[in-house]
Amino acid sequence: MNLIQPSNLSPILSRLYRHTIRVNHKNTSLMGGKMGAALFEAYYNRHVGIKDDSRIWEHVADALNQVQEGQLLHSFAGGISGIAWSFLHLSNQGLLQEEELDAQAIVEGLDEGLFEVSMTLLKEGDYDYLHGGLSACLYFLERTPSPQISSYIEQLVEQLSQIAIRFPNGDISWKYLSFNQYTLENAPNYNLGLSHGTASIVSVLSLLYERGYARKRCKELIEGNLRWMWHVRNKASKSIFPNTVSDNPEDQESRLAWCYGDLGIANAFWLAGEKLQNQTWKDRAEQTILHATTRKGPDVKINDAATCHGTIGASYLFRKFARRLNNPLLDEAADFWLQKTLTYLQPEDTEDVFLSYAGESGGYESNPSILDGEASIGIALLVELGASADWDRMLLLS
């Protein structure tokens, strides 16, 4: 049973809303700027019944203008793909109150360019869904299906297949370029995380498979990589999965978070099992998430409240699995991390509602973003209070 009542969370959510709508965002991006703020505000407005969406439209207009003026790169986290995805998502979910709006027509001119940049990056080995070659995939999933969209996606999946590492036992993985510090030829490691690693590849391919895109190739790559991830899991560590491994895997502790570690990887196994109807993968997801409920010590490396790698992210994922599996241990874990979230709450007389951890040298700082800042906490609390969770597909969670 959740010991934290909605009456305790609603005032916090209201504070987050009031603060985030006053913030002067540094950019127009999804994960760190105005489009993330627009997403949070739109879901908040629908939940509480606010009809005025003028501020949301201001954010959308500013972002689309920057896209049109060629001021942005292609990426999902910080550029065109994420802005276009957000705009389409808001429209497709009925969160923009404009009857004459044809969002699909407004963005269709971006398709070819986003595809070409994605192909170039994938050829170089940069598959990162937040910043690299898979950035356009979630955008294409919000586009109205067409033969051209299908062709783009099939070519992207095929290029992803061409840069894969295939092992003699049938396992499949991809080298990690570590934000282009390495090339395909000299990269020493593989990354398992959901933010920048193979769990993100599995999740993207599972969503593409669900929609009927390149199903045979998607299935091959998903199966090969999930086998590989299971084979390289830790043998005697507190975490089931490491963050990164070399060709000679060794145990490595990982944090408890969406971005890295068992929570995000468990969701990738579950998503693949759900979309491809494979119970073994869902069982492994359940094994991983239940093991994660036992981890509450300093090894979890949680230092703030945000979704990416903080307490609300842990609570959100445990609650998501609790709804899937109807297991009280998962609800207890979700409640534990939700309660921990409240310990990071700033006093009522301060402007910031929560602060984000900036590292040992940086301490804590103001952060309004929807990835690792206040908007991420707000939109997760909305789901805790019964709002739609459709937005979490931007984090590859559904």
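In the predicted model, the axes of helix 6 (residues 111–124) and helix 8 (residues 147–162) approach within 9 Å and cross at roughly 10 degrees. Because angles under 35 degrees count as roughly parallel, helix 6 is described as roughly parallel to helix 8. On the side of helix 6, the contact is formed by Asp111, Glu112, Phe115, Ser118, Met119, Leu122 and Lys123. Helix 8 contributes Ile149, Tyr152, Gln155, Leu156, Gln159 and Leu160. By residue class, this contact comprises 7 nonpolar, 3 polar and 3 charged residues.

These two helices belong to a protein chain that contains 15 helices and 6 strands. Along the principal axes, the C-alpha atoms of the chain occupy a box of roughly 60 × 50 × 40 Å. The radius of gyration of the protein chain is 20 Å, which agrees with the value near 21 Å expected for a compact globule because the comparison is made for 398 residues.

The largest pocket encloses about 210 Å³ of space. Its lining includes Val23, Asn24, His25, Lys26 and Gly32. Glu365, Ser366, Asn367, Pro368 and Ser369 also line the largest pocket. In contrast to the helix contact, where 7 residues are nonpolar, the pocket lining has 2 nonpolar residues, together with 6 polar and 2 charged ones.

Technical notes:
Residues are numbered from 1 along each chain as its sequence is written. This is a predicted model: local features need pLDDT of at least 70, side-chain atom pairs count only at pLDDT 80 or more; totals for chains, interfaces and linings use all residues. Side-chain values use heavy atoms; hydrogens and water are left out. On a 1 Å grid over the protein atoms alone, a cavity is a set of points where a 1.4 Å probe fits but cannot get out, and a pocket is an open set with protein on both sides within 12 Å along at least five of seven lines; lining residues have an atom within 4 Å of a point. Grid points are joined across faces, edges and corners, and a volume is the space filled by probe spheres set on the points. Ala, Val, Leu, Ile, Met, Phe, Trp, Tyr, Cys and Pro count as nonpolar, Asp, Glu, Lys and Arg as charged, and the others, Gly among them, as polar. Axes are lines fitted to C-alpha atoms, for helices over the stretch in contact, and angles run from 0 to 180 degrees between N-to-C directions. Helices (H or I, at least four residues) and strands (E, at least two) are DSSP runs, numbered from the N terminus. Angles under 35 degrees count as roughly parallel, over 145 as roughly antiparallel, 65 to 115 as roughly perpendicular and the rest as oblique. Contact means heavy atoms within 4.5 Å. The radius of gyration is taken over C-alpha atoms; the globule rule is 2.2 Å times the number of residues to the power 0.38.
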